[in-house]
Amino acid sequence: MDIFKKHIAESKNYVGGKSAEEVGGGRKMHKMSSNENALGISPKAVAAAKEAAEKLYIYPDGTPKRLTQALAESYDNKIEPSQIIVSDSGSSVIEIITRGLLNEGDEYIVTNPTFQLYKVLGIKAGAKLVDVRLQGDDFQLDVDGILNAITDRTRIIYITNPNNPTGTIFPQDQLDRLFNALPDHLVVVHDEVYEKFVEDPNYSSALKWVLEGKNIIGLNSFSKMYGMAGMRLGYAYTTPKLADYFTKLTKPFSTNRIALEAGIAAVQDKEFLQKSIDHVHRSKKYLYAELDRLGVKYWKTQANFILIKTEKDPSELEQFMVTKGIMVRPVNYFGADGCTRVTFGLDDANEAFIKALEEFHN
Ligand SMILES: Cc1ncc(COP(=O)(O)O)c(C=O)c1O
């Protein structure tokens with residue numbers, strides 16, 4: 001049909017991980033494939049959601065101001081609530097940024113292997129993808145490669161930190177070097193949805209650079225640390241000027257009543273958040289020791305998942321794991337050929353995964 005835009009008609013949609021219902025067909029599965037929170041959701045958020053459900057017949061707040069206030073407090077009020085953009089997921093915030101900045105023929109930089117949604121949405125905008133691949137076995141950023149790839153048409157650079165699917169981080173001094181050398185006709189999206197799980201002291205969230213007034217957006221999600229993947233809620237924080245611009249692309253009343261109330265409760269439940277972080281750190285130690293024992297290659301992680309490489313094909317591993325009631329994610333699609341991403345589960349899931357991996361190897 002002639003009315004269609006060619007770059008949309010010919011584009012492919014993002015391929016997300018499957019649900020446990022789809023794969024297990026009613027069987028209980030250990031879902032270690034989508035980086036959800038193994039501990040579930042804050043009981044306080046559940047209580048708030050239930051209460052909000054009774055009032056679903058009434059419109060929610062027109063703007064999510066009470067949520068942005070709670071989020072600003074979670075950054076010790078170093079940013080104003082008006083610097084926070086809320087949408088129905090981190091993915092949706094990426095879509096807003098793409099829509100706001102990319103015209104046909106513009107360029108955007110990604111650093112594969114990484115999260116593929118940036119690529120998918122940029123293509124739909126008719127923009128040109130420029131891939132400056134990560135370097136070496138430790139997946140480091142090619143700062144000079146990125147600087148050399150910038151043209152007058154570059155509008156967005158996506159930095160995923162901690163990175164998905166590698167679980168690795170880019171240290172603050174490396175990013176300082178990059179950000180200090182950037183021209184001002186582009187914006188950096190610092191995707192930090194796994195930020196709370198980081199232990200490495202060389203890490204910095206986008207807050208530092210936002211406060212310095214750089215053109216940088218810290219992208220976050222309620223799906224990971226807040227255990228609300230099923231809710232669909234995400235946000236970003238940035239400079240007042242950029243926030244004002246992107247807020248114009250949000251819709252009135254678009255944060256539904258349940259998401260709003262549960263989101264506020266989740267942000268304020270620091271105890272649940274800390275428990276989730278502690279669990280991730282404990283799981284990590286356990287898996288490092290077990291993977292060492294089995295001689296399986298893995299990368300040290302700063303997120304709630306770990307990247308491993310097996311001798312056999314990842315799709316074979318994926319299928320074998322399903323027979324054991326476990327879901328893992330092969331990540332060829334993310335640009336990490338031959339690798340599998342495993343989300344930390346509860347202790348029984350982590351143990352079941354190791355047992356199955358041992359069988360798979362023998
Ligand atoms: C790096 C990264 N960014 C953004 C998202 C989007 O999260 P959501 O749309 O669930 O908020 C994900 C989800 O897997 C992710 O891994």
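1. The shell around the ligand holds 3 nonpolar, 7 polar and 3 charged residues. Here Ala, Val, Leu, Ile, Met, Phe, Trp, Tyr, Cys and Pro count as nonpolar; Asp, Glu, Lys and Arg count as charged; the others, Gly among them, count as polar. In total, 13 residues surround the ligand (a heavy atom within 4 Å of it). The closest are G90, S91, D191, S221 and S223.

2. Note the basis. This is a predicted model: local features need pLDDT of at least 70, side-chain atom pairs count only at pLDDT 80 or more, and totals for chains, interfaces and linings use all residues. Residues are numbered from 1 along each chain as its sequence is written, and side-chain values use heavy atoms, with hydrogens and water left out.

3. Look at the ligand's oxygen atoms. One lies 2.5 Å from a polar side-chain atom of S91. A polar backbone atom of G90 is 2.6 Å from an oxygen atom of the ligand. For K224, an N or O atom in the side chain is 2.9 Å from a ligand oxygen. On its own the ligand has 390 Å² of accessible area (Shrake-Rupley method, 1.4 Å probe), and the protein covers 92% of it.

4. Now turn to D131. This residue lies in strand β4, residues 128–131 (a strand is a DSSP run of E, at least two residues, numbered from the N terminus). D131 counts as partly exposed because its relative accessibility is 34% (buried is under 20%, exposed over 50%, partly exposed in between, with a 1.4 Å probe and protein chains only). S283 is 152 residues from D131 along the chain, and their C-alpha atoms are separated by 33 Å.

Notes: Polar contact = N/O pair within 3.5 Å; in protein donor to acceptor, adjacent residues only side chain to side chain. Helix = DSSP H or I, 4+ residues; strand = E, 2+ residues; numbered from the N terminus.
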